[in-house]
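Here is a friendly walk through a structure you may not have met before. Have a look at it first, and then we'll go through it piece by piece.

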Amino acid sequence: MTLFDQYLGKIAAASTSEAVEALRQELFGRKAGVMTMMMKELGAVSAEQRKTKGQELNVLKVKLESMLDARLREIAAAQMSDIASRDALDLTLDLPMADSGHKHPIHEYIRKAEEVFGRMGFDTALGPEIETEHYNFNQLNIPETHPARDLQDTFWISSRGRTVLRTHTSPMQIRYMETHTPPFRMICAGKVYRKDSDATHSPMFHQIEGLMIGPTVSLANMKAVMETAIKELVDPNVEFRWRTGYFPFVEPGLEMDLRWRGDESKSREGRWLEVVGCGMVHPNVLKNVGIDSEKYQGFAFGFGVERMLMIRHQIPDLRSFYQGDLRFLRQF
Ligand code: PHE
């Protein structure tokens, strides 16, 4: 068996890169490598023989080296495919649908409202649910004697620090005006709290506050914005009516009612549901935040989120939103 044949077998049988390197050492090791020795022996033969023998040895050397390298590559490739098959993720595999649920209809709806108002140029703000009396009442021109301050309506957190669970999102009007210079448009959605509970009231519900201030913002602008939003968010054919309403922080104040389109047999059919309080921001409120009411004016509004959804989907009782009943939630 020639040296070449002998190593052909040995190299093919090497199953690890260490074994291949050991063979390389055996062949070409500096001191005792088989090939190294044969090269050294060339020194002892005649010049004529040295030339032909030398060429032969060189060819052999190149062949053996490339076989060693090829074997190394084979071993590496085999290892890779081994790893690949052990860690394989079959992305084409058809898995059963995960039961992943969806956003609560109220949050879905708030997102939609942010989008609708966003298209009309309104910025989105967020405010704290625990408010101070200062922001929740005082700055909004709500007098000490106003019934909304009554313990019956407001959840006081502490009477000493005068903090409350905000009773409306209107304090965000103040916070926003304190930190922005007009002209601006903003909405702010979130939870509000009142001591109330029946089919159309819950101690916690959601409001979307809006505020638009500029040099020439008018009541007509307000009605246009409100009507556009209601049509997009409730129903393009929704029946609505405007009434005057009293809120200490607007003058004049208006309320918008939407026709309640519940089940024909329900007693509420034909009734109106108040969903928006709004009006032109009261000059006292502008003064409180240092905005010159001779130069700027604007409107503010507060939507009841649950009530808009109730009308949109003909839901008879607002408390269904919070009971976590999947038969209800899955309908959205
Ligand atoms: N904050 C009022 C409420 O909760 C609604 C409102 C907002 C009215 C803005 C006028 C302007 O009833």
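In which loop is asparagine 141 found? Asparagine 141 is in the loop between helix H6 (133-136) and strand E3 (156-158). Before we go further, keep in mind that this is a predicted model.

**Residues with a positive phi**

Asparagine 141 has something to show in its backbone: its phi is near 65 degrees, which is a positive value in a residue other than glycine. Is asparagine 141 buried, exposed or partly exposed? Its relative accessibility is 22%, so asparagine 141 counts as partly exposed. Glutamine 314 is not a glycine either, and it has a positive phi of about 55 degrees. You'll find glutamine 314 in the loop between H10 and helix H11 (326-329). Because its relative accessibility is 49%, glutamine 314 counts as partly exposed.

**Two domains**

Let's zoom out. The protein is divided into domain 1 (3-86) and domain 2 (105-329). How many Å apart do the C-alpha centres of domain 1 and domain 2 lie? They are 84 Å apart.

A couple of residue pairs give you a feel for distances along the chain and through space. Here they are side by side, C-alpha to C-alpha.

| Pair | Apart in sequence | Apart in space |
|---|---|---|
| Phenylalanine 28 and isoleucine 208 | 180 residues | 82 Å |
| Valine 234 and alanine 84 | 150 residues | 53 Å |

**Helices H2, H3 and H4**

Now for some helix packing. The axes of helix H2 (residues 17-28) and helix H3 (residues 34-41) come within 3 Å and cross at roughly 15 degrees. Angles under 35 degrees count as roughly parallel, so H2 is roughly parallel to H3. Where they touch, Glu26, Leu27 and Phe28 of H2 meet Val34, Met35 and Thr36 of H3. By class, that contact has four nonpolar residues, one polar and one charged.

H3 also packs with helix H4 (residues 47-86), at an angle of about 165 degrees and with the axes 11 Å apart. Since angles over 145 degrees count as roughly antiparallel, H3 is roughly antiparallel to H4. The crossing of H3 past H4 is left-handed. Here Met35, Met38 and Met39 from H3 meet Leu57, Asn58, Leu60, Lys61 and Leu64 from H4. Sort the residues of this contact by class and you get six nonpolar, one polar and one charged.

Phenylalanine 28, which lies in helix H2, is a handy residue to click on. Beyond its neighbours within four places in sequence, phenylalanine 28 is in contact with Gly33, Met35, Thr36, Lys61, Leu64, Glu65 and Leu68.

**Helix H10 and its surroundings**

Why is helix H10 (residues 305-313) largely enclosed by the rest of the structure? Because seven of its nine residues are buried. Those buried residues are Val305, Glu306, Arg307, Met308, Leu309, Met310 and Ile311. They pack against helix H5 (105-119), strand E6 (204-214), helix H8 (219-233), strand E8 (250-259), strand E9 (272-281) and strand E10 (297-304). Just after H10 comes glutamine 314, with the positive phi you have already met.

Valine 234 has contacts in this helix too: leaving out its neighbours within four places in sequence, valine 234 is in contact with residues including Met308, Ile311 and Arg312. Among its other contacts are Tyr109, Ala229 and Leu258. Valine 234 lies in the loop between H8 and strand E7 (240-244). With 6% relative accessibility, under the 20% limit, it counts as buried.

**A buried threonine and two cis bonds**

Threonine 169 is placed in the loop between strand E4 (163-165) and helix H7 (171-179). Its relative accessibility is 0%, so threonine 169 counts as buried. Which residues is threonine 169 in contact with, leaving aside its neighbours within four places in sequence? They are Cys188, Gly190, Val192, Gln207, Ile208 and Glu209.

Finally, check the cis peptide bonds. One runs from proline 182 to proline 183, with omega near 5 degrees. Proline 183 is in the loop between H7 and strand E5 (184-193). Another cis peptide bond joins glutamate 251 and proline 252, and omega there is about -5 degrees. Proline 252 lies in strand E8, one of the elements that the buried residues of H10 pack against.

Technical notes. Residues numbered from 1 in each chain as written. Predicted model: local features only at pLDDT ≥ 70, side-chain atom pairs only at ≥ 80, totals over all residues. Heavy atoms only, no water. Helix = DSSP H or I, 4+ residues; strand = E, 2+ residues; numbered from the N terminus. Buried < 20%, exposed > 50% of the residue type's maximum accessible area, 1.4 Å probe, protein only. Contact = heavy atoms within 4.5 Å. Axes fitted to C-alpha atoms, helices over the stretch in contact; angles between N-to-C directions. Parallel < 35°, antiparallel > 145°, perpendicular 65-115°, else oblique. Nonpolar A, V, L, I, M, F, W, Y, C, P; charged D, E, K, R; others polar. Left-handed = near helix turned anticlockwise from the far one by under 90°. Domains from an automatic or database assignment.
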